[in-house]
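Please look over the sequence and the structure below before reading on. The paragraphs that follow move from charged pairs to a sheet and then to the nonpolar interior.

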Amino acid sequence: MKQITAKSLILSLTPMILAGCNFEKNIDHIDVSKKSNDLVLLGTGSSSDISPWIQSEKDAWNLMAVTESQTSTSTMSAALSNGIVDVQVSGSGSNILMMQSASGIDVSQYKSGYIQFKIRPKSTPPSAITVSIDNEWPVRSSLVLSGKLADDRNWQTLAVPVACMKPFDGAKAVDLSQVKNPFHLDVKEAFNYEITDISYRLTTDQTPVVDSVTCADAAAKNSVNQAPDLVAGDTALFYSGDITKAQDLSSAYPPNDFSGNVESVNNVIAVSFSKNNGMFLGADDSKSDFSSHATDVVTVDMKVKSYGESGSIQARMDGQTADTGTFFSLDSSVLPADDKWYRCQMLVSSMIPTSNLTSVKKALYLSGVWDQMKDLEFSFANVAVIKPRKDYNASKPCIAL
């Protein structure tokens, strides 16, 4: 026998109740798509405690409330109308729309759920947008969405798995039990859009922007699997995974090369050499002590498109004086040139004389054989110095992702 629930009974009686009260307006649709356990931040049924705000990097992060009247910074503007925020971004740098709670909210029940929202591009979409859960920098968990917006002017629904949102670029993981800004959207290119129906959901009928279990994005050519969480005793250098428990030296060892042309897209650095060059993490004033890592390994995710004339990639660490004769050699026998991602773990002691670890200038240096670097092309991400994991195998330093 079919079970009759209170909800179905109410819905079945609703037309009769309305008819009995002499309501003349026809009811074409009763919207029951929003479930009672959804937390609505913007749109129908949203909490009065949560409201939209904007801020931009070029205005010294000045926070401005979004109202029915146009609110503007030097690089963005926004207005609220009928549960829809209309945003215009005209300049570069971070341009942020956020939903802010006056008292802080608990979203921990959605840790395996989704942030879902509708967005309508009114101009050509940017190469990437970043969705975050934020408690003011540096407490921020994020996911960069590359190529997820179709270049049309229709409404599109994006579902972001909360479990795939991680701290990066020196941030710390957000505590979901007390969140000030449960939705934080950063756009760094000129882009006009409308946004509405922002909510936290336990489930979704949409295809998530990344796999909710592996956090992998098969559609993004330049993406790499989510990096494992680092643990106490590890040191993060250029890492997109959870580094909450590790030492973070990313700001002390920024990406550089000798041509001054380094670009990080979606936390991945792509390298293409036409002549002698070197890609490294470090600066003139970098001098941290890595001596506690003498028996550890450097982990780095890499994919090689071509070894070019070099035939190999030389990976090393440098003290204040470089020892160019000490390096770990990566060639096609351990790291195939198939344009696919591999996770490589290399002994620190094979990359630098251990006596030089007390003051390290370059925490990772990648180049080819001198005078043979033409057409050397590779990408890398997720660099850290860690204790050797159980899957470490010195005879097979790189494993496919």
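**Charged pairs, a sheet and two cores**

E194 and R120 form a salt bridge, in which the closest N and O atoms are 2.9 Å apart; the term stands for a side-chain nitrogen of Lys or Arg within 4 Å of a carboxyl oxygen of Asp or Glu. Because E194 belongs to strand 13 (residues 191-201) and R120 to strand 8, this pair ties together parts that are 74 residues apart in sequence. With a relative accessibility of 14%, E194 counts as buried, where buried means under 20% relative accessible area, exposed over 50%, and partly exposed in between, with a 1.4 Å probe and protein chains only. The model is a predicted one, in which local features need pLDDT of at least 70 and side-chain atom pairs count only at pLDDT 80 or more, while totals for chains, interfaces and linings use all residues. Residues are numbered from 1 along each chain as its sequence is written, and side-chain values use heavy atoms, with hydrogens and water left out.

Across the whole structure, a search finds twelve salt bridges. One of them joins the side chains of K122 and D86 at 3.0 Å, N to O; K122 lies in the loop between strand 8 (114-121) and strand 9, and D86 in strand 6 (residues 84-89), so parts that are 36 residues apart in sequence are tied together. K122 is partly exposed, at 34% relative accessibility. In another salt bridge the side chains of D134 and R140 meet at 2.8 Å, N to O, and both of these residues are buried.

D134 and R140 also lead to the sheet, since strand 9 (residues 128-134) is joined to strand 10 by seven bridges, the two running antiparallel. Within this pairing, S132 stands opposite S142 in strand 10. The open sheet has six strands in the order 3-2-7-12-9-10, with antiparallel pairing; strand 3 (64-65) and strand 10 (140-146) stand at its edges, each with a single partner strand, so one side of each is left without a neighbour in the sheet. Strands here are DSSP runs (E, at least two residues) numbered from the N terminus, and two of them pair if DSSP finds at least two bridges between them.

The nonpolar interior comes next. The largest nonpolar core has 44 residues, and those with the most contacts inside it include I133, F117 and Y193; such a core is a set of buried Ala, Val, Leu, Ile, Met, Phe, Trp, Tyr and Cys residues joined through side-chain atoms within 4.5 Å. Strand 13 supplies the largest share of this core, five residues. Apart from this core lies another, of 39 residues, among them L281, M302, V360 and V383.

Notes: Helices (H or I, at least four residues) and strands (E, at least two) are DSSP runs, numbered from the N terminus.
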